[in-house]
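Got your viewer open? Load the model, switch to cartoon view, and follow along one selection at a time.

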Amino acid sequence: MKSLYRRLRYGRSIVLVSGLPRSGTSMLMQMLEKGGMPIVTDKIRTPNEDNPKGYHELERIKELDKTSDKSWLKEHRGQVIKTISFLLQDLPLNLHYKVLFMRRNLDEVLRSQNKMLERSGTAGTLVPDEKMRQNYELHLRKVYYRLNRSPNFEVLYLDYPAVVENPKREAERINAFLGGGLNVEAMASAVETDLYRNRQPTVRHV
């Protein structure tokens, strides 16, 4: 009943892949593309050592917090856009979003980000890990509250280790959340265990 209400009020949903930077969102975009979902990307950011299979990003979405004209988003109903969690608060509230939110151990996220900054030569700008962890924990609490309370958001939370360890099961969850019709086997085949770097022995979420 809620899904029907959202569809009638807001129209067809935009699918958003979101999470913290370095949380596994690029892998999730690859899964959706393999499964048959149309993804929105300009391919400006090209594959590199940190993301050898590509970023699948759209530069325009990164300007959400800087522009008032967001009407272009409605053109992408039924498609998938990747956006970091910090920009979810800047989405217009007259559209319906289905959010696939990737969660990952914060120590793994920080380690991955630090290695990326080291490779880019900007490691000297690093904020201490403990401070960043506190910032992320506060940010995630705000994001979860918004996602769970706003009527135009539906959300499926995914845990990065679970996706890597059992991609078919998680692909089936994603398929059900998005209404079915995706190629689950192809989605699962997009996951490469070897790309799970900076692994922690335990998983901790806020």
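How many helices and strands are there in the protein? There are 7 helices and 4 strands, and keep in mind while you click around that this is a predicted model. Colour the chain from the N terminus on and you can follow the elements in the order α-β-α-β-β-α-α-β-α-α-α. Of the 206 residues, 51% count as buried. If you show the surface, you're looking at about 10,600 Å² of exposed area, with carbon and sulfur atoms supplying 49% of it. For contacts between residues at least 6 apart in sequence, 74% join residues at least 24 apart.

**Stop 1: the sheet**

Select the strands. They make an open sheet of 4 with parallel pairing, in the order β2-β1-β3-β4. β2 (80-82) and β4 (153-159) are the edge strands; each has a single partner, so one side of each has no neighbour in the sheet. On average, neighbouring strands are turned by 20 degrees against each other, direction ignored.

Now keep just β3 (residues 97-103) and β4 on screen: this parallel pair is joined over 7 bridges. One to pick out is methionine 102, whose bridge partner in β4 is leucine 158. Next, bring back helix α4 (residues 129-149), which packs on the sheet and touches both β3 and β4. The direction of α4 makes about 135 degrees with that of β4.

**Stop 2: helix α6**

Select residues 167-177 for α6. This helix also lies across β3 and β4, running at about 175 degrees to β4. Inside α6, click on glutamate 170. Is glutamate 170 buried or exposed? It counts as buried, because its relative accessibility is 4% and the cut-off for buried is under 20%. Leaving aside residues up to four places away in sequence, glutamate 170 touches Leu158, Ala162 and Val163. You've met that leucine already, as the bridge partner of methionine 102.

**Stop 3: the aromatic rings**

Show the side chains of Phe and Tyr. The structure holds 5 aromatic pairs. Start with phenylalanine 86 and tyrosine 136, a tilted pair at 6.2 Å centre to centre with 45 degrees between the planes. Phenylalanine 86 sits in the loop between β2 and β3 while tyrosine 136 belongs to helix α4, so the pair ties together parts 50 residues apart in sequence. As for exposure, phenylalanine 86 is partly exposed at 31% relative accessible area, whereas tyrosine 136 is buried at 5%.

Then go to tyrosine 97 and phenylalanine 153, which are stacked: 5.2 Å centre to centre, 25 degrees between the planes. This pair links strand β3, home of tyrosine 97, with strand β4, home of phenylalanine 153, across 56 residues. Both of these residues are buried. Finish the rings with Phe101, Tyr144 and Tyr157, which form one aromatic cluster.

**Stop 4: charges over rings**

Leave the rings on and add two basic side chains. The charged end of lysine 98 sits over the ring of phenylalanine 177, 5.5 Å from its centre. Arginine 104 lies over the face of tyrosine 160, at 4.3 Å from the ring centre.

**Stop 5: helix α2**

Last selection: residues 25-35, helix α2. Why is α2 largely enclosed by the rest of the structure? Because 9 of its 11 residues are buried, among them Thr25, Ser26, Met27, Gln30 and Gly35. Step just past the end of α2 to glycine 36, which takes a positive phi of about 110 degrees.

Conventions:
Residues numbered from 1 in each chain as written. Predicted model: local features only at pLDDT ≥ 70, side-chain atom pairs only at ≥ 80, totals over all residues. Heavy atoms only, no water. Helix = DSSP H or I, 4+ residues; strand = E, 2+ residues; numbered from the N terminus. Buried < 20%, exposed > 50% of the residue type's maximum accessible area, 1.4 Å probe, protein only. Contact = heavy atoms within 4.5 Å. Pairing = 2+ DSSP bridges. Axes fitted to C-alpha atoms, helices over the stretch in contact; angles between N-to-C directions. Areas by Shrake-Rupley, 256 points an atom, 1.4 Å probe, with all protein chains shown as cover. Phe/Tyr/Trp six-rings, centres within 6.5 Å; stacked < 30°, edge-to-face > 60°. Lys NZ or Arg CZ within 6 Å of the ring centre and 35° of its normal.
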